[in-house]
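Please open the model in your viewer and keep a selection panel to hand, since this tour moves from one selection to the next.

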Amino acid sequence: MLYERRMAMRLYKNQTMKLEWKKSEKAIYLPGTQPEIITLPAYKFFVIAGEGNPNDDFFGSYIEALYALSYAVKMSPRSGLAPEGYHDYAVYPLEGVWDLTEDAKKIYTGTLNKNDLVFNLMIRQPDFVSEGYALTTIEKTLKKKPNRLLEKVKFVVIEEGECIQMMHLGSFDAEPESFAKMEEFCRDRNLVRISRQHREIYLSDARKVSPDKMRTVLRFGVKG
């Protein structure tokens, strides 16, 4: 069995080139520092919902659950359990869709209380990951990992459609400045922001990068 697994890994390495999203999907993950329009098709994600302040200790467990699943898929050839159509790839970055609780929306005056945040954290999966394979991966990972949040993870297809996005440079607390630019960009082009909900794509590890050097893609949906 060990010999077969090694041969399977060699076969994948010899037959495929590693897919790097930083190179092949720059328009999606590496936009410029000025607002721009982008239309996004449907993609597959592992998603976990939650609420509360992302600076609190609980938040790290949500991230761990998503990465445990994402790396289980990526490393699946090592166990001889790769899905049909598998090819090597770089794991996609962590993303978060953020909003406020319904009660907080009613009294919101422009000052954000992070305890009122609700979120859907997610990591995109390659096209070859089917719903059945994703659910099996969740079940198997749950048996190996003690993180009970894995039970909350769902596999969903999300189509964002027409959006405004830009690269935000700096701390999360400085994001309102970038959102102001994005909203001005919308007004100049007669576009309307669909909701206060927005997406963030995290290209920097906050544990290793100083706040002033962090890179985060900001995005929200619009309509004409």
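Is Gly-161 buried or exposed? Select Gly-161 in this predicted model and display the surface around the residue: its relative accessibility is 18%, and because buried means under 20%, Gly-161 counts as buried.

**Around Gly-161**

Colour strand 4, residues 154-169, and you will find Gly-161 within that strand. Next, add Ile-38, Thr-39 and Leu-40 to the selection, as these are the residues that Gly-161 contacts once its neighbours within four places in sequence are left aside. To see how the chain returns to this place, draw a distance between the C-alpha atoms of Gly-161 and Thr-39, which are 5.0 Å apart although 122 residues separate them along the chain.

**The cavity**

Leu-40, already selected, leads on to the lining of the largest cavity, where it is joined by Ile-28, Tyr-29, Tyr-43, Phe-45, Glu-95, Arg-124, Glu-160 and Arg-219. The structure holds one cavity of 30 Å³ or more, and the space in the largest cavity comes to about 30 Å³. Colour helix 3 (26-29) and strand 1 (36-51), each of which supplies at least two of the lining residues; strand 1 gives the largest share, with three residues. If you then colour the lining by class, five residues appear as nonpolar and four as charged, with no polar residue among them.

**The largest pocket**

Now select Trp-98, Phe-172, Glu-175, Glu-200 and Tyr-202, which lie nearest the centre of the largest pocket among the 45 residues that line it. Two or more lining residues come from each of helix 2 (21-24), helix 4 (59-74), strand 2 (94-100), helix 7 (175-188) and strand 6 (198-202), and helix 4 makes the largest contribution, six residues. The space in this pocket is about 1,600 Å³, and its lining divides into 24 nonpolar, six polar and 15 charged residues.

**The second largest pocket**

Keep helix 4 coloured and add helix 6 (131-144), since each of these helices supplies at least two residues to the lining of the second largest pocket. Which element gives the largest share of that lining? It is helix 6, with six residues. To centre the view, select Ala-72, Ser-79, Lys-140, Thr-141 and Lys-144, which of the 15 lining residues lie nearest the centre of the pocket. About 370 Å³ of space lies here, in the second largest pocket, and a last colouring by class shows seven nonpolar, five polar and three charged residues in its lining.

How values were computed
Residues numbered from 1 in each chain as written. Predicted model: local features only at pLDDT ≥ 70, side-chain atom pairs only at ≥ 80, totals over all residues. Heavy atoms only, no water. 1 Å grid on protein atoms, 1.4 Å probe; cavity = no way out; pocket = protein on both sides within 12 Å on 5 of 7 lines; lining within 4 Å. Points joined across faces, edges and corners; volume = space filled by probe spheres on them. Helix = DSSP H or I, 4+ residues; strand = E, 2+ residues; numbered from the N terminus. Nonpolar A, V, L, I, M, F, W, Y, C, P; charged D, E, K, R; others polar. Buried < 20%, exposed > 50% of the residue type's maximum accessible area, 1.4 Å probe, protein only. Contact = heavy atoms within 4.5 Å.
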